[in-house]
Amino acid sequence: MRVALSVACFDDVLFPGTAKAVTVLLERLGHEVAFPPGQTCCGQFHWTAGYHREAAGLARSHSAAFEGCEVVVAPSASCAATVRDDYPKIARTARDPGLARAAEALAVYELTEFLIDVLGVTDVGAYFPHRVTYHPSCRSLRILGVGDRPVRLLRAVRGLDLVELPSAEECCGFGGAFAMKNADVSVAMVADKVRHVRDTGADVVCAVDDSCLAHIGGALSRLRGGVRTMHLAEILAETGPA
Amino acid sequence: MTASSPGTTPSSSGRSGPVPAPRPKFAAAARPELADTRMRRNLRGATAALRGREAAAAAETADWEDLREAGRAIKDDALLDLDSHLEELERAVTEAGGTVHWAADAAEARRVVTGLVRATGAKEVVKAASATTREIGLNDALARAGVTVRETGVAEMAVQLGEDAPSHLLSPAAHRDRAEIAELFRRAVPAAGPGLADDPEALAAAARAHLRDRFLRARVAVTGANFLVAETGTLVLLESEGNARMCLTLPETLISVAGIDKVVPTWDDMEVFLQLLPRSSTGDRMTPYVSSWTGVTPGDGPRALHLVLLDNGRTRALADEVGRAALRCIRCSACLNVCPVYERTGGRPYGPVHPGPIGAVLTPLTRGVESAADASLPYASTLCGACADVCPVKIDIPDMLVHLRGKVVESRRRRPVPTPEMALMRGLAWTMGDPRRHEAAVRRGARWARLLSRGGRIRRLPGLLGKWTEARDLPAPPPESFRGWWDRTRA
C-alpha cells in the first residue's frame, strides 16, 4: 500500500526520529511511504488557542497537501484528532463548505489504528529488551478512542517488559498554550505524572504523541529522572542486532 | 486564605465604599492555591473518592448512556422554549399561592431578597446550600442590610465560621480536612466544647446541636432549588443533610432563589434527573433528602413563598449558539471531580459564578470576556476531555472552551496595538501558510535553538516561550530535520 506520511510540524524539527521510525517500520512491513512536501502544520495549536481564522487557513493548506492520497498516517494522535474531529468545526466556524468536503475526503489514521485496523498487524517483528510504561495521551484516549491498540502492539514486542502506569489516564498537563499560560498548574500536573512514571521503575515511557512526551520528558530531564521518553513508533521500529 | 467575595458583578458598582481591585487572572489566582499543600491533599482525597463513587454508580445503571441522552434532550427542549415554560411556571406558582419575582442581574436579585427579608422585620435568616445565592453575593448584601445569615449545611457553616471561601460546588469545604473543621468548631461553636473529637459523628452532632435552636427560632429561610417543574409550579431540591428541608418547613417566610435555566417542563422529566443527579454528584443511587414544594398550604409549612427567578447573564449565554448547551448543567459537579486542573487549584481561582470546568465556560458565557480575569477562564484547561466524558447531560465542555477562546481572540483583534501573543500567532500562521517560508524558518529556528542548547537540552528560552523552560527542558533540535533526512535518503 502507498501510505502518505503526515508529520507534525514540531516532530519534523524536534523529534525527527519518530517519522523516520514510521518510515522504516512501514517499509519493513512491505509498504511504500510517501512524504507529501506541501505539508507544514495541521493548525491545531492555532485552533485550540482561539486563533480560528489562522487555523482555517492552515487547515486549508494541510488538506490540500494530502489531496488525492489514498491513506494518510499520522504518528501523532493529536494531529490526527485535529483533522478528523476539529476540521469539521473549523470549517463550520469559517463557513467554508469546501474545507469541510476536503477534510471529509481525507482518510487519516493514527499509527496504531493504521497498523491494527487497516493492516491487521499486531506483531510488527520488533525487539526491544527494556522495561517500558505507556502514557495514553488525552486526545488518543478520548477523541480518537485508540483504546488498547498501543498496548497490544507493545505486548507483541519481543523482550519488552511492559509495566502499568499509575493514574495513566490523567492528563500530563501539556495542553498546548496551557503549558505557557498556566505554567504553574501545568508543572504541578507534570510533576505528578513524572512521579508516577518513576514509580513504575521503567527505563522508557512511551506514547503516541510527542507533544505530551516533550512535556513529560522536559520535566524528567530537568530532574535528571533517569527515564527516557520514546514515541511508540521508535520502539516498534527497533529490531535489535541483526 | 484570601479570595474575592462572590458576586462582585459589574452591576454592583453602584455600591458605596472603595472600588475593589480587579479580580486576578486564573494563573495568578492559582499560584497561592498551588502552594497550599494541605488543601491539595484534601482536594485530591475528596475528588478521588467522589470519582470512584460516581463511576461505580453510573456503571451499575444498565441504561446510563440512554439516561444521559434523555437528560440532554429534555434540557435542550426546555431551553428552546424557555420563555413559555417560565410563563407557565409563573402561572402555576401564583395559582398555588406563591409569588414570583424576576431579577435581571445579581444586583436586582440582592435588592429583591433584601427587600423581602426587611418586610418581614426579621433580623436573622437561615439558609440552605445554594450556588445561586453564592453567585449573587447574597450573604454580604444581607449583612450590609443588618440581617444575620446562618448557613445550615455543615460544610457551608464551616466555610462561614472560618471566614473562608468555598472551593467546591457541592462540598464547599472539600479543601478542609476533619482536623481543621474540628479545630474550627472547638473555637467558634459554643455547643461543641473544647473536647470535641474529629470523627464525623462528633462533628455532625456538634453542628446539629448548634443549628437546632436556630431552626426553631427562624422566621425567614432562603434556599436554592435544583429544578423548577413548570406544569405544577413545584420547586425540587436534593440534599444530603436534611437542613434544607428544615428551612423549607419551619419558617414563616420562604424565599427561594433559582436561575431561569432550572426549569423543566413536566414532572415526568424528574424521572430522568432524579437518577442522573445523585449518581453524578455524590455517587449515591438516591440523595438522602428530596424535597418538593408547591405554593403555600394553610396550617402546614411557610405562610409565604417567594420564588426569585434569576437571569444574570443566562439569556446572554442562551443567545450563544455553541455556548447555550452549558445551560443544560444540573450542577452535579462531576466535571470538577475529574478535572486535573481543578484538583490542583480548588475552586477559588475560577471566580464568582461557578468553579471547575463548568465554571470556566459559564462565567465567560454569562459575563462576557471583557475583563482579563473572565477572559483567562477558557484557557484554564488542557482540553483533556475528562469533563465531557462524565457530564450527565453531555455538555461538550472542551468544545465550548475552544469556542470561547475564539471569542477572546476576536475581542482582542480590534485593539490598535496587537498583543505580543497575537503578533506571534499571526506570524506563525503566515510562515506556516507556505511550505517554502515554513522550511526556511524551520532551518533558521533550528540553528538558533541549537545555539541556545547545552548538552542537547535547552534550559532557558526567551520571550513568551520562557514560561516553558521555567521548570522543563526542551530537547535541542537534532542537526537534521525529518524533511532533511527524507530529501537525503528517499527523494
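Is B:L250 buried, partly exposed or exposed? In this predicted model, B:L250 turns out to be partly exposed, since its relative accessible area is 40%, and a residue counts as partly exposed when that value lies between the cut-offs of 20% and 50%. As for where to look, B:L250 sits in a loop of chain B, with α11 (243-249) on one side and β7 (253-259) on the other. B:L250 also has partners: together with B:L216 and B:M246, B:L250 makes up a nonpolar patch on the surface. Between them, these three residues offer about 280 Å² of accessible area.

Now for the place where the two chains meet. Chain A brings 60 residues to the contact, and chain B brings 64 residues. Put together, chain A and chain B bury an area of about 5600 Å², and 61% of that comes from carbon and sulfur atoms. On the chain A side, three residues stand out: A:Y51, A:M180 and A:R222 account for 13% of the area that chain A buries against chain B, more than any other three residues.

Charged and polar pairs show up here too. There are 12 salt bridges between chain A and chain B. A:R53, for example, forms a salt bridge with B:E410, and their closest N and O atoms are 2.7 Å apart. Polar contacts across the interface of chain A and chain B come to 29 residue pairs, with both residues at pLDDT 80 or more. As for helices, α11 of chain A (residues 183-199) gives the most to the side of chain A that touches chain B, putting in eight residues.

Note on methods
Residues are numbered from 1 along each chain as its sequence is written. Chains are lettered from A and ligands numbered from 1 in the order in which they are written. This is a predicted model: local features need pLDDT of at least 70, side-chain atom pairs count only at pLDDT 80 or more; totals for chains, interfaces and linings use all residues. Side-chain values use heavy atoms; hydrogens and water are left out. Patches are made of residues with over 30% relative accessible area and no salt bridge: like charges are joined within 9 Å, nonpolar side chains (Val, Leu, Ile, Met, Phe, Trp, Tyr) within 5 Å. Accessible areas come from the Shrake-Rupley method with a 1.4 Å probe; for residues, only the protein chains shown count as cover. A salt bridge is a side-chain nitrogen of Lys or Arg within 4 Å of a carboxyl oxygen of Asp or Glu. Helices (H or I, at least four residues) and strands (E, at least two) are DSSP runs, numbered from the N terminus. Buried means under 20% relative accessible area, exposed over 50%, partly exposed in between (1.4 Å probe, protein chains only). Contact means heavy atoms within 4.5 Å. Buried area is the accessible area (1.4 Å probe) that two parts lose on being put together, summed over both. A polar contact is a pair of N or O atoms within 3.5 Å; within protein, one must be able to donate a hydrogen and the other to accept it, and residues adjacent in sequence count only if both atoms are side-chain atoms.
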